[in-house]
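Subject: the structure I promised you

Hi,

Here is the structure we talked about, ready for you to open in your viewer. Have a look at it first, then read on for what turned up.

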Amino acid sequence: MATLAQVEVSDQSFWQKTMLWISVFIVFGFAQFAARGLVDYGSVPLYVHAHAVVMMAWLGLTVTQATLVARDNLALHRRLGWLGAALATVVVCFGSWVSIQIIQAHREPFFFTPPFFLALTQVGLLTFAGLIVAAIARRKETEWHRRLMVGALIMLMEPALGRTLPMPLIMPWGEWAALVVQLGVLAVVARHDRKVLGMIHPATIAAGLVITLSHCIIEALAVAPFWQALTDRVIAA
């Protein structure tokens, strides 16, 4: 029979590996897109490269934080946590600005309408921000904190899924296909919950509901007349 110490080590390892593999997938999604010649990253504006650097910094910090917890270095983990809060703010604000620049330059993916792309990026970033804020607010409740942070990272899978799934072939169902993959990752977390806690943790359920709601809002906004009018004003600005 496993001891409590062994269970704790296994639990910490799970969260570290989950953060790592989600981050690897996100990087892979963009790398394979370029490797297939579907985009010439040498011709994209400088601000897109800067956005990529910011996102890589976030992924690196996320994995580092999970690794520090796995190695029981909680003091450094907490100190870096405030750096993470600042970096998350940059991710949201800069990402929002970059998406608007992309729409104004008519560089959004051809299989997304401008209103859909604006909703996808803005709602996605706001959902990511909300999960991060909730995770910070519950930072002293470890089980809530780690699951909300995983939920936030799962939100960042969206652009990678847009480059991995055959979006031109599955639209207008691409957004729901991405949701299925994201909920599949959360299902792995739920399975771990049941194994370690004997139940699915409320934070896992909450993250799943929030992510699902974000997709529903994106789909609704994309066809809403007021959002289409707003997108037109953004493009004309």
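Bear in mind that this is a predicted model. The chain averages a pLDDT of 90, and 95% of the residues score at least 70. Among the elements, helix H1 (residues 4-35) comes out with the lowest mean pLDDT, 81, while helix H9 (residues 202-222) has the highest, 97. Where pLDDT is low, the predicted coordinates should not be read in detail.

The inside first. The largest nonpolar core has 43 residues, and the ones that touch the most other members are Ile 22, Ile 26, Trp 58, Phe 128, Leu 153 and Ile 154. Many helices feed into this core: H1, H2 (46-70), H3 (74-104), H4 (114-137), H5 (142-155), H6 (157-164), H8 (174-197) and H9 each supply at least two residues. The largest share, eight residues, comes from H5.

Phe 128 is a good place to centre your view. Leaving out residues up to four places away in sequence, Phe 128 touches Trp 58, Ala 88, Val 91, Val 92, Ala 152, Met 155 and Leu 156. There is also a second, separate core of 19 residues, which includes Ile 102, Phe 116, Ala 224 and Trp 227.

Next, a residue in H9. Ile 218 is found in that helix, and its relative accessibility is 2%, so Ile 218 counts as buried. Which residues does Ile 218 touch, not counting those up to four places away in sequence? The contacts are Phe 116, Ala 119, Leu 120, Val 123 and Glu 175. Glu 175 is 43 residues from Ile 218 in sequence, yet the two C-alpha atoms are 8.8 Å apart in space.

On to the aromatics. A search of the whole structure finds eight aromatic pairs. One of them is Phe 94 with Trp 97: the ring centres are 5.9 Å apart and the planes lie at 15 degrees, so this pair is stacked. Both residues belong to helix H3, three residues apart, or about one turn of the helix. Are these two rings buried or exposed? Phe 94, at 22% relative accessibility, counts as partly exposed, and Trp 97 is partly exposed too, at 41%.

Phe 111 and Phe 112 make an edge-to-face pair, with 4.7 Å from centre to centre and 75 degrees between the planes. Phe 111 has a relative accessible area of 18% and is therefore buried, the limit being under 20%. Phe 112 is buried as well, at 9%. These two join Phe 110 and Phe 116 in one aromatic cluster. Phe 116 will be familiar by now, as a member of the second core and a contact of Ile 218.

One more ring to look at: the charged end of Arg 138 sits over the ring of Trp 144, 4.0 Å from its centre.

Finally, the cysteines. How many disulfides does the structure hold? Zero. Cys 93 is partly exposed, with a relative accessible area of 49%, and Cys 216 is also partly exposed, at 36%.

If you want a short tour, go from Phe 128 and its contacts to Ile 218 in H9, and then to the cluster that holds Phe 110, Phe 111, Phe 112 and Phe 116.

Cheers

Key:
Residues numbered from 1 in each chain as written. Predicted model: local features only at pLDDT ≥ 70, side-chain atom pairs only at ≥ 80, totals over all residues. Heavy atoms only, no water. pLDDT = per-residue confidence, 0-100. Helix = DSSP H or I, 4+ residues; strand = E, 2+ residues; numbered from the N terminus. Disulfide = S-S within 2.5 Å. Buried < 20%, exposed > 50% of the residue type's maximum accessible area, 1.4 Å probe, protein only. Core = buried A, V, L, I, M, F, W, Y, C linked by side-chain atoms within 4.5 Å. Contact = heavy atoms within 4.5 Å. Phe/Tyr/Trp six-rings, centres within 6.5 Å; stacked < 30°, edge-to-face > 60°. Lys NZ or Arg CZ within 6 Å of the ring centre and 35° of its normal.
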